[in-house]
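Student: I am new to this structure and would like a close look at one part of it. Could you walk me through the aromatic rings and the packing around them?

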Amino acid sequence: MAANELVIEEWNGSSSTKLFKTATITASPSLCICRSGSRFNHVWRRVLQAFVPEGFPSSVTPDYLPFQVWDSLQGLSTYIRTMLSTKALLSAIGVGEKSATVIGATFQWFLRDLTGMLGGVLFTFYQGSDLDSNAKMWRLVADLMNDLGMLMDLLSPLFPSAFLFVVCLGSLSRSFTGVASGATRAALTQHFALQNNAADISAKEGSQETMATMIGMALGMLLAHITMGNSLAIWFCFLFLTVFHMYANYKAVNCLALTSLNFERSSILLQHFMKTGQVLSPVQVSSMEHVLPTWTTTWISRNSKLLHMQVDLGLRVSSLGRQELMELLHSRGSHCEEVKYLLVERKGSISVIVHKDAIATDVLQSYIHALVMANLTDGNKSTHSESQAWMNKQYEVFVQKLKSSGWKSERLLAPSLVWTANWMSKPSDKKID
């Protein structure tokens, strides 16, 4: 009686979309093992696992690969320039000179590091809550500040009388880089993770950065040796690499198609929806939003209507004038119990007073309502009733279309609300003067 033949196939890979058959095992009439694919391909896949997340590319967003390519290139240029700037800094401190003292060099290095630490704390205090909501902009600004810090190190030997001031200024600049870069990297890692694999993505990012560091240091030492004693060649290489560094950073952040809602993305989405009834995709919005601080692109966007610049979220009630308070109490009293926010038209902008018990969805609704009012504003005409009618009819439709287009509509990425308010409505026979 013939026995059934059993065939076992061996597959390698952690993702169902990226499986590779590595061997076929049969037992007819004797055990036979047939290996599939070359050994080189197997070794290459094992090496690749040290640098890309498990399940790549299905475990990360589509913008992960282009971003990492440009990010690695900018990191490479940074480490090459680090060798040039560090060489200039050590020369300025007095390394290699008989007149230099150990205690003097140590003291200067200590003051440089101390300035950087204090700068990092101050930057976190003033801008820490804004880094999540504007990750693309702060990522670019962080690398710009890093470039400025390296430039200060390279300039330090040229100003011996102001050496300490120059290197402390460079350290202060780089401290902003450390805080902003680390915080935005955490936000981007959460964006890339499609399978709750943020830790894996972060670990592989460390491997990629280590490899870029080693290659950059080797090339930097070679470049420092080649340009030794030639100031013109040093400056030419430094400036060329700096320009490339900024270009690579700009391309990297432009690759990102973030799905979270911040002030500007909400404004772009709402304006398009009010015109067409359709919601743009994250990729489309990515090409329209600013990656530089708004004040640097004012000359570009002078003719465009930036709604988010006309909205002030989290207004302090006591900052309102007497007349504004009277108008708020008279016009909004009947509506204030329905929602957890109040809107005030003042000085050409829309201010939002948020209730102290408001949750994330309330904050998002309040901001969208303020954007609607700003978009409908025409001269001195009040748009409270028109904007409320739009919200009653279109807001839920807008939110549902956001979700179906891939947007995270659960909350608005915004700095922490420092000022909130509490209110209640009760009948009164007293006349308000």
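Tutor: Happy to! Let's begin with one pair of rings. Tyr64 and Phe192 are both buried. Please keep in mind as we go that this is a predicted model. Tyr64 and Phe192 form an edge-to-face aromatic pair, with 5.2 Å from centre to centre and 85° between the planes. Tyr64 belongs to helix H2 (residues 64–93) and Phe192 to helix H5 (residues 163–192), so this pair links distant parts of the chain, 128 residues apart. These two rings also have company: ring pairs join Phe56, Tyr64, Phe67 and Phe192 into a cluster. In the whole structure, a search finds eleven aromatic pairs.

Now for another of these pairs. Phe273 and Trp390 are edge-to-face too, at 6.1 Å centre to centre and with 90° between the planes. Phe273 lies in helix H8 (residues 263–276) and Trp390 in helix H12 (residues 384–404), so the pair ties together parts that are 117 residues apart in sequence. Are these two rings buried or exposed? Phe273 has 4% relative accessibility, so it counts as buried. Trp390 has 14% relative accessibility, and because the cut-off for buried is under 20%, Trp390 counts as buried as well.

From here we can step to a neighbour of both rings. Leaving aside residues within four places in sequence, Phe398 is in contact with Leu269, Leu270, Phe273, Val279, Ile368 and Trp390. Phe398 also has a special place in the largest nonpolar core, which has 34 residues: Leu269, Val352, Ile368 and Phe398 touch the most other members. Which elements give two or more residues to this core? They are H8, strand E5 (311–313), strand E6 (341–346), strand E7 (349–354), helix H11 (360–376) and H12. H11 gives the most, with nine residues. As general background, nonpolar side chains in soluble globular proteins tend to be buried together.

A second core, separate from that one, has twelve residues, and Phe192 from our opening pair is among them, along with Ala135, Ala252 and Leu256. Ala135 leads us to helix H4, which covers residues 135–155. H4 has 21 residues and reaches 30 Å from its first C-alpha to its last, close to the 30 Å expected at 1.5 Å a residue. H4 is mostly covered, with 17 of its 21 residues buried.

Let's return to H5, where Phe163 is found. Phe163 counts as buried, at 5% relative accessibility. Its C-alpha atom is 9.2 Å from that of Asp153, and the two residues are ten apart along the chain.

One more ring has a different kind of partner: Arg81 lies over the face of Phe238, at 5.8 Å from the ring centre. As for cysteines, Cys237 is buried, with a relative accessible area of 16%, while Cys255 is partly exposed at 24%. The structure holds zero disulfides.

Finally, here is the setting for all these details. The chain has twelve helices and eight strands. Buried residues make up 41% of its 433 residues. Among contacts between residues at least 6 apart in sequence, 72% join residues at least 24 apart. The two ring pairs we followed make good starting points for your own look: Tyr64 with Phe192, and Phe273 with Trp390.

Conventions: Residues are numbered from 1 along each chain as its sequence is written. This is a predicted model: local features need pLDDT of at least 70, side-chain atom pairs count only at pLDDT 80 or more; totals for chains, interfaces and linings use all residues. Side-chain values use heavy atoms; hydrogens and water are left out. Rings of Phe, Tyr and Trp (its six-membered ring) pair if their centres lie within 6.5 Å; planes under 30 degrees apart count as stacked, over 60 as edge-to-face and the rest as tilted. Helices (H or I, at least four residues) and strands (E, at least two) are DSSP runs, numbered from the N terminus. Buried means under 20% relative accessible area, exposed over 50%, partly exposed in between (1.4 Å probe, protein chains only). A charge sits over a ring if NZ of Lys or CZ of Arg is within 6 Å of the ring centre and within 35 degrees of the ring normal. The expected span of a helix is 1.5 Å times one less than its number of residues. A disulfide is a pair of cysteine sulfur atoms within 2.5 Å. A nonpolar core is a set of buried Ala, Val, Leu, Ile, Met, Phe, Trp, Tyr and Cys residues joined through side-chain atoms within 4.5 Å. Contact means heavy atoms within 4.5 Å.
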